[in-house]
Amino acid sequence: MGNNKFMHYAFELAWILPSVAVPVAILVAITLTAFAVGIRVPDVAGRVDPKALSRTPPFDQPGVKELAPGRYEVAMIAQVFAFTPGEIRVKAGSEVTFEMTSRDVIHGVKISNSPVNVMVVPGQISRVTAKFDKPGEYLILCHEYCGSGHHVMAGRLIVE
Ligand code: CUA
């Protein structure tokens, strides 16, 4: 290989490497940021027929269930433009497992001051567990645009 040709390859490599490295670096940055702000990819805990929620446990009885002292399970349904149940009460220091699904379109569930931040997809059960130590009112918000009433789609979790 002549020196000229070598220089040519070296020159091309100098341009190709950054064009590969930059997208890779961006991807890594996005992934790290997602973890840093506590976005959890929900466990897909199962599948459910969105048209049969009223006869499919646990969604046939949406609400809060106390499994043991300090352990709760919440079966929650999202639909335009509300969460059922719209109000959840648990005792401070409890661990709460949410099982959620949607009756219609894709919604999102974000609970303020908690790591709960998941997509709720029709046909799919999203499961997430979080511990609530501090008493107070936590806002439950839909964070996935779902239609004209998206901005009013909210609920609350009260830690007593
Ligand atoms: Cu439901 Cu936005």
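# A guided tour of a predicted model

Start by selecting strands 5, 11, 10, 7 and 8: in that order they form an open sheet of five strands with mixed pairing. Two strands count as paired if DSSP finds at least two bridges between them. Strands here are DSSP runs of E with at least two residues, helices are runs of H or I with at least four, and both are numbered from the N terminus. Look at the two edges: strand 5 and strand 8 each have a single partner strand, so one side of each is left without a neighbour in the sheet. On average, neighbouring strands of this sheet are turned by 20 degrees against each other, direction ignored. For such angles, axes are lines fitted to C-alpha atoms (for helices, over the stretch in contact), and the angles run from 0 to 180 degrees between N-to-C directions.

Before you go on, note that this is a predicted model, in which local features need pLDDT of at least 70 and side-chain atom pairs count only at pLDDT 80 or more, while totals for chains, interfaces and linings use all residues. Residues are numbered from 1 along each chain as its sequence is written, and side-chain values use heavy atoms, with hydrogens and water left out.

## The whole chain

Zoom out for a moment. The chain has one helix and eleven strands, and along the sequence the pattern reads α-β-β-β-β-β-β-β-β-β-β-β. Of the 160 residues, 34% are buried; buried means under 20% relative accessible area, exposed means over 50%, and partly exposed lies in between (1.4 Å probe, protein chains only). Among contacts between residues at least 6 apart in sequence, 61% join residues at least 24 apart. A contact means heavy atoms within 4.5 Å.

## One edge of the sheet

Now select strand 5. Which residues lie on its covered face, and which on its uncovered one? Ile88 and Val90 are on the covered face, whereas Glu87 and Arg89 are on the uncovered one. Four bridges join strand 5 to strand 11, and the two run parallel. To see one pair, pick glutamate 87 and its bridge partner in strand 11, arginine 156.

## Into the core

Next, show the side chains of Phe98, Val109, Phe132 and Leu157. In the largest nonpolar core, which has 25 residues, these four touch the most other members. A nonpolar core is a set of buried Ala, Val, Leu, Ile, Met, Phe, Trp, Tyr and Cys residues joined through side-chain atoms within 4.5 Å. Several elements give two or more residues to this core, including strand 6 (94-102), strand 9 (124-132) and strand 11 (154-159). Strand 3 gives the most, with four residues.

Stay with leucine 157 and display what surrounds this residue. Leaving aside neighbours within four places in sequence, leucine 157 is in contact with Ile88, Val90, Phe98, Phe132, Gly136, Glu137, Tyr138 and Ile140. Apart from the largest core lies another one, of six residues, among them Val48, Leu53, Ala75 and Ile125.

## The other edge and its hairpin

Move to strands 7 and 8, which run antiparallel and are joined by four bridges. Valine 109 stands opposite valine 118 in strand 8. Then follow the loop between strand 7 and strand 8 to asparagine 113. Is asparagine 113 buried or exposed? With a relative accessible area of 71%, asparagine 113 is exposed. This hairpin has five residues between its strands, and asparagine 113 takes a positive phi near 55 degrees there.

## Two cis peptide bonds

Most residues other than glycine have a negative phi, and most peptide bonds are trans. With that in mind, select valine 80 and phenylalanine 81: a cis peptide bond joins them, with omega about -10 degrees. Phenylalanine 81 sits in the loop between strand 3 and strand 4 (82-84). Another cis peptide bond joins threonine 84 and proline 85, with omega about 0 degrees. Proline 85 is in the loop between strand 4 and strand 5.

## Last stops

Select glutamine 124 in strand 9. Glutamine 124 counts as buried at 17% relative accessibility. Not counting residues up to four places away in sequence, glutamine 124 touches Val44, Gly46, Arg47, Val48, Met100 and Thr101.

Finally, pick two cysteines. Cysteine 142 is buried, with a relative accessible area of 7%, and cysteine 146 counts as buried at 10%. How many disulfides does the structure hold? The structure holds zero disulfides, a disulfide being a pair of cysteine sulfur atoms within 2.5 Å.
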